[in-house]
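Open the model in your viewer and keep the selection box handy. We will go stop by stop, with something to pick at each one.

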Amino acid sequence: MENVTTVTYFILLGFSDNLSVQIFLFLMFLFIYAITLLGNLVIIAVIRKNSNLQSPMYFFISHLSFLDICFSSATMPKLLVIFFSSHTISYNSCIAQIFFIIMTGCTELYILAVMALDRYAAICKPLHYVQIMNRVCCRSLIGGAWTIGFIQGCVNTLPLLKLMFCGQNMIRHFSCEQPSLLALSCTDIYTNRIILSITGNAAGISSFLLISVSYFHIFSTVRKMHSAEAKRRTFSTCTPHLIVLILYYSSCWLRYMKPDVISSIVLDEILSIQYSICTPLLNPIIYSLKTRDVKEAVKELMGYKPLLSHAM
């Protein structure tokens, strides 16, 4: 035990030591973070301001935008700092970052599942949609998603406090994430891996089943529609959600659930960038472009007027 050194901080190695590359990446990630904040804030403002966007679907989209701001802010500020300032992060800050990444990431899984349930109620139970997705139900579903995310964060983070680190404190990543930290521990991490596997699979499988069952019924209902226009309009309300689901689930599951034999620093960084940086950026863009009502409301908020109206 005399060889064990207490680690009080970690070093985030980031991406590159080349100054030109660092400047380029700093500007790129700064732009991404600014657009992420602006895009999601615009979505929230548009939904709150526009009386036509007060249905449960837009209520969930606004909460997804708020969550994406939190999710992105868990990693991006420190990522920007390490390009030109300190690469170090304190032990407590590292543990806190892991907690917030897990909490917001898991909450996003369940909010996406709740949004699938909302589409199921709207398409398959249109006559009872307002009664099913009432205000109390919507708030309870959002509160439940955040509660599960908080519990997931605590269950996975608290056991990390018992780990010991024998002097090795260099994290080959741009942020503190659970798999990267476990790789540095000189104590037995079997329990931590079991907890991560159980909680990760439980969150992923349960939310995926809810989404799958919802979309199975949605597709079955749409198939029975006689009008091609009705089918197109119905699918158009689901397309943004499906795109976000595919992007988020694939990268998040691969990052946390992939076997140890598949080990690549570059792959881990790409997956983390995809689910924790790109997804919060793309969500407002996808919902703005693919949802007509949101697109029109954004144009109205920005004071956009067609050229035809100016001519008249």
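A disulfide is counted here when two cysteine sulfur atoms lie within 2.5 Å. Keep in mind as you click around that this is a predicted model.

**Stop 1: the cysteines**

Under that rule, you should find two disulfides. Begin by selecting Cys94 and Cys176, whose sulfur atoms sit 2.1 Å apart and form a disulfide. Trace the chain from each end: Cys94 belongs to helix α4 (residues 91-124), while Cys176 is in the loop between β3 (170-171) and α7 (178-182). The bond therefore links distant parts of the chain, 82 residues apart. Check the dihedral about the S-S bond and you will get -115°, a left-handed link. Are these two cysteines buried or exposed? Cys94 has 0% relative accessibility and counts as buried, and Cys176, at 0% too, is buried as well.

Next, select Cys166 and Cys186. This disulfide has its sulfur atoms 1.8 Å apart, and the angle about the S-S bond of Cys166 and Cys186 is 75°, which makes the link right-handed. Both ends sit in loops: Cys166 between α6 (135-157) and β3, and Cys186 between α7 and α8 (190-223), with 20 residues separating them in the chain. Turn on a surface to look at the ends of this link: Cys166 counts as partly exposed at 34% relative accessibility, and Cys186 is also partly exposed, at 39%.

Now show both links together. Counting the bonded cysteines along the chain, the pattern reads 1-3, 2-4. Which cysteine sulfur is nearest to that of Cys70? It belongs to Cys106 and is 15 Å away, and Cys70 is in no disulfide. With 27% relative accessibility, Cys70 counts as partly exposed.

**Stop 2: the cavity**

Hide the cysteines and look for enclosed space. The structure holds one cavity of 30 Å³ or more, with about 30 Å³ of space in the largest cavity. To see its walls, select Gly14, Phe15, Ser16, Gln22, Ile82, Phe83 and His87. Colour this lining by residue type and you will find three nonpolar residues, four polar ones and no charged ones.

Keep Phe15 and Phe83 on screen, since both take part in the lining. Then add Phe26, Phe29 and Phe174: together with Phe15 and Phe83 they form one aromatic cluster.

**Stop 3: aromatic pairs**

Across the whole structure, a search finds 14 aromatic pairs. Start with Phe66 and Trp146, whose ring centres are 6.3 Å apart with planes at 50°, so this pair is tilted. Phe66 is in helix α2 (residues 56-73) and Trp146 is in helix α6, so the contact ties together parts 80 residues apart in sequence. With the surface on, Phe66 is partly exposed at 42% relative accessibility, and Trp146 is partly exposed with a relative accessible area of 21%.

For the last pick, select Phe99 and Phe100. What kind of aromatic pair do they form? Theirs is edge-to-face, with 5.2 Å from centre to centre and 75° between the planes. Switch on the surface once again: Phe99 is buried at 15% relative accessibility, whereas Phe100 is partly exposed, with a relative accessible area of 41%.

Technical notes. Residues numbered from 1 in each chain as written. Predicted model: local features only at pLDDT ≥ 70, side-chain atom pairs only at ≥ 80, totals over all residues. Heavy atoms only, no water. Helix = DSSP H or I, 4+ residues; strand = E, 2+ residues; numbered from the N terminus. Buried < 20%, exposed > 50% of the residue type's maximum accessible area, 1.4 Å probe, protein only. 1 Å grid on protein atoms, 1.4 Å probe; cavity = no way out; pocket = protein on both sides within 12 Å on 5 of 7 lines; lining within 4 Å. Points joined across faces, edges and corners; volume = space filled by probe spheres on them. Nonpolar A, V, L, I, M, F, W, Y, C, P; charged D, E, K, R; others polar. Phe/Tyr/Trp six-rings, centres within 6.5 Å; stacked < 30°, edge-to-face > 60°.
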